[in-house]
Amino acid sequence: MKKYQNLAVLLLRLATAANFLSPVADRFGWWGKAGEPGVVWGNYANFVSYTAKVNSFAPPALAPFLAGAATALEIILPILLIIGFKTRIAALGSALLTLSFALAMTY
């Protein structure tokens, strides 16, 4: 049973990492250009604009910082999950980052 539990944890870590890295690839244009099927942002400028809309409660000048912080965390946390380093901290950070996205979008 322990063998399957370890496999499940590994697969969950990989799925969570992919869930964070895919949007990063989109905002850097790796999935295609803006407007193509399956592409949300297509470039970083579109993502900064979207960040300003989602975080409308924050001053517009703060949007580039928020976009950069989100991108940095969406790169660092999945890498930690993939390599298995500080997984509890990375998992907690991933949960808090996802919660902050949800709260910002709800507002």
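# Exercises on a four-helix chain

Of the elements in this chain, helix 4 makes the greatest contribution to the lining of the largest pocket, supplying 7 residues. The structure is a predicted model, and the exercises below work from its overall fold to that pocket and to some single residues.

**Exercise 1. Describe the fold of the chain, stating how many helices and strands it has and how far its C-alpha trace spans.**

Solution. Begin with the elements: the chain has 4 helices and 0 strands, and read from the N terminus their order is α-α-α-α. Next take the extent, where the C-alpha trace spans about 50 × 30 × 20 Å along its principal axes. Then turn to burial, for which 27% of the 107 residues count as buried. Finally look at the contacts between residues at least 6 apart in sequence, of which 46% join residues at least 24 apart.

**Exercise 2. Which helices supply at least two residues each to the lining of the largest pocket, and which classes of residue does that lining have?**

Solution. The space in the largest pocket comes to about 480 Å³, and 21 residues line it. Going through the helices in turn, at least two lining residues come from each of helix 1 (2-27), helix 2 (44-54), helix 3 (63-83) and helix 4 (87-106). Sorting the lining by class then gives 14 nonpolar, 5 polar and 2 charged residues. Nearest the centre of the pocket lie Phe47, Ala70, Leu97, Phe101 and Met105.

**Exercise 3. Find the buried residues of helix 2, and explain why they can be said to line one face of the helix.**

Solution. The first step is to list the buried residues of helix 2, which are Phe47, Val48, Thr51 and Val54. Seen down the axis of the helix, these residues fall within an arc of 125°, and they therefore line one face of helix 2. The general background is that an α-helix has 3.6 residues a turn, so residues three or four places apart point the same way. As for what this buried side meets, its residues pack against helix 1, helix 3 and helix 4. On the face turned away from the buried side, helix 2 carries the exposed residues Ala45 and Lys53.

**Exercise 4. Which side chains meet in a salt bridge, and which parts of the chain does the pair tie together?**

Solution. The count comes to 1 salt bridge, in which the side chains of Arg27 and Glu74 meet at 2.6 Å, N to O. Arg27 lies in helix 1 and Glu74 in helix 3, so the pair ties together parts that are 47 residues apart in sequence. Both Arg27 and Glu74 are buried, and for Arg27 the relative accessible area is 2%, which falls under the 20% cut-off for a buried residue. Apart from its neighbours within four places in sequence, Arg27 is in contact with Trp41, Gly42, Asn43, Tyr44, Phe47, Ala70, Thr71 and Glu74.

**Exercise 5. Is Pro78 buried or exposed, and which residues is Pro78 in contact with beyond its neighbours within four places in sequence?**

Solution. First locate the residue, since Pro78 is found in helix 3. Its relative accessible area is 0%, so Pro78 is buried. Once neighbours within four places in sequence are left aside, Pro78 is in contact with Ala17, Phe20, Leu21 and Leu73. A last step compares sequence with space: Pro78 and Ala90 stand 12 residues apart in sequence, while from C-alpha to C-alpha they are 7.5 Å apart.

Technical notes:
Residues are numbered from 1 along each chain as its sequence is written. This is a predicted model: local features need pLDDT of at least 70, side-chain atom pairs count only at pLDDT 80 or more; totals for chains, interfaces and linings use all residues. Side-chain values use heavy atoms; hydrogens and water are left out. On a 1 Å grid over the protein atoms alone, a cavity is a set of points where a 1.4 Å probe fits but cannot get out, and a pocket is an open set with protein on both sides within 12 Å along at least five of seven lines; lining residues have an atom within 4 Å of a point. Grid points are joined across faces, edges and corners, and a volume is the space filled by probe spheres set on the points. Ala, Val, Leu, Ile, Met, Phe, Trp, Tyr, Cys and Pro count as nonpolar, Asp, Glu, Lys and Arg as charged, and the others, Gly among them, as polar. A salt bridge is a side-chain nitrogen of Lys or Arg within 4 Å of a carboxyl oxygen of Asp or Glu. Buried means under 20% relative accessible area, exposed over 50%, partly exposed in between (1.4 Å probe, protein chains only). The arc is that of the directions from the helix axis to the C-beta atoms. Contact means heavy atoms within 4.5 Å.
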